[in-house]
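This briefing introduces one structure to a reader who is new to it. It takes up the surroundings of the ligand and then the nonpolar interior.

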Amino acid sequence: MKYLIGLDIGTSSTKAIAFDLLGNIISKSNIGYPILNPKPSWSEQNPDEMLVAVINSIRTVIDENDNKGNELLGVSFSAAMHGIIAVNEKGEKLTDCIIWADTRSTQVSESIKNSEIGHEIYMRTGTPIHPMSPLCKITWMRDNMKEVFKNTSKFISIKEYVFFKLFGKYVVDYSIASATGLFDIYDLAWNKNSLEVAGINKDKLSLPVPPTQIFKGMNKKYAELMGIDVDTAFVIGASDGCLANLGANAIKPGDAAVTIGTSGAIRIIAEKPKNDESERIFSYILTEDHFVLGGPVNNGGIIFRWFRDNFSQIERATAESLGIDTYELLTKEASKVPAGANGLIFLPYLLGERAPHWDANSKGVFFGINITHKREHFLRALLEGVIFGVYSVGKALEETTGNIDTIYATGGFVRSELWVQMLSDVFNKKVVVAESYESSCLGAVVIGMKAIGLINNIEEVEKLVPIAQTFTPNIKNHEVYMKTFEIYERLYLKLKDEFVSIGLLQK
Ligand code: ADP
């Protein structure tokens, strides 16, 4: 059997998944690594640990398939966006990988955003000016890590780090580049204004290449470690967010993908970028002809995990004794109360928020509590609040790009029918859940298939994604949700300043 590997270098782990040419998963390997927090606002990962995870996860899948006599046609890459590593002339790391969650450059980001050139940079690069973006991180390093900045030969992402080790070249796909705040998504070249702000020239960055670019002739040492031929086709691929849309088959006009894993996002694919004058939405590149437009939320499934970990000791013990998942038990509890949680509203901004407000100071709120509210109301309000967060971005996206008809849901939340039904009811749209939710790896494989000529266009992904379940909206619930959502939206605006005040009292 012929197969390709989709490899996703994610935040919690690196996944290598072998797919046959019909899109079926034939084997997989997953190797995790920690997020390092040397200071409260810093989030870093060790790129060498991630490189080892890439090699070992590929090795595991190769060994399994070699044993079955299967033939590898290529490996295609997905990776997390926004990470940055400073390396010296020898390619040695001067910093760990500063990842998307790192907020050390908050002040730098605010000053770039409010500068004369801020809006223009956003409009040309498609990346909201925010501490997640490499533009702000490099600018921060210039001012706060002067020695490192001076000795840096290149600023690169984790995928570039891996490709440099394997092929000795600094290359970045247009997709990862398009999420740096440094890349002109119209000209497909590094953006002059961004470079000026960061105080670097383009020699400090990699050569941008199309996501379908194939690399062969890898360093023998790594080929041996992976158990593959040096001339195996390595396709550079794209970013995890963009590939998740492709792998979920959310690619036609009117389709959107909603991912709720640890964080969350809603995105659509369009032929052209379209930046929002209010700077709420990103435009990232999937291929030269496909742009992914949307917005990310920090407060996705992590909110449910927070509730489980801090307020559910009894349920955890019960779930363990029944041999079921604690989330399942908690979801059942939430389903005891009707839509709208009897007027209890939850603002989920426990981690501040990115889209649509891009406000790192915002906080979580339960609003409208009365004497009849029980634990199950709080739980239901919490799940609804996460969906309202995504809905609020969805509305901004529809205003910018046109109507959404169908939502393709991915991420850990699809394990809960109640939560997916809420998504359908709040949006008043059909929601489709695919059989596998390894969508970034499948998306990478589709780019790989296009690169090596197995398919003519990436729209052929439709044949590779089996649908497991479809949810249709309940109009009565939708009406309740819309009344609740109006208050939800006003609450944020009314509390905006108070979030800053309360933040001063928190450590
Ligand atoms: P990652 O972001 O690391 O890829 P996942 O996509 O696996 O994570 O999502 C994890 C989240 O999915 C959890 O934080 C939780 O909110 C949600 N989740 C996991 N299992 C369930 C379940 N059975 N019911 C509801 N939500 C779930």
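A polar contact is a pair of N or O atoms within 3.5 Å. One such pair joins an oxygen atom of the ligand and a polar backbone atom of Gly301, which are 2.8 Å apart. The model is predicted.

**Polar contacts of the ligand**

- Thr262 places a polar side-chain atom 2.7 Å from an oxygen atom of the ligand.
- Gly412 has a backbone N or O atom that lies 2.9 Å from a ligand oxygen atom.
- On its own the ligand has 580 Å² of accessible area, and the protein covers 78% of this.

**The shell around the ligand**

- The ligand is surrounded by 14 residues, of which Ser12, Thr262, Gly301, Gly412 and Arg415 are the closest.
- By class, the shell holds seven polar, four nonpolar and three charged residues.
- Helix α11, which spans residues 301-311, contributes the most to this shell, with three residues.

**The nonpolar cores**

- The largest nonpolar core comprises 163 residues, and Ile9, Phe234, Leu286 and Phe413 have the most contacts inside it.
- Helix α14 (residues 375-401) supplies the largest share of this core, namely 12 residues.
- A second core, separate from the largest, has five residues, among them Ala248, Ala250, Tyr408 and Val432.
- Phe234, leaving aside its neighbours within four places in sequence, is in contact with residues that include Ile58, Val75, Phe77, Phe163, Leu166 and Phe167.
- Further contacts of Phe234 include Gln213, Ile214, Phe215, Met218, Met226 and Ile228.

Technical notes
Residues are numbered from 1 along each chain as its sequence is written. This is a predicted model: local features need pLDDT of at least 70, side-chain atom pairs count only at pLDDT 80 or more; totals for chains, interfaces and linings use all residues. Side-chain values use heavy atoms; hydrogens and water are left out. A nonpolar core is a set of buried Ala, Val, Leu, Ile, Met, Phe, Trp, Tyr and Cys residues joined through side-chain atoms within 4.5 Å. Buried means under 20% relative accessible area, exposed over 50%, partly exposed in between (1.4 Å probe, protein chains only). Helices (H or I, at least four residues) and strands (E, at least two) are DSSP runs, numbered from the N terminus. Contact means heavy atoms within 4.5 Å. A residue is near a molecule or strand if one of its heavy atoms lies within 4 Å of it. A polar contact is a pair of N or O atoms within 3.5 Å; within protein, one must be able to donate a hydrogen and the other to accept it, and residues adjacent in sequence count only if both atoms are side-chain atoms. Accessible areas come from the Shrake-Rupley method with a 1.4 Å probe; for residues, only the protein chains shown count as cover. Ala, Val, Leu, Ile, Met, Phe, Trp, Tyr, Cys and Pro count as nonpolar, Asp, Glu, Lys and Arg as charged, and the others, Gly among them, as polar.
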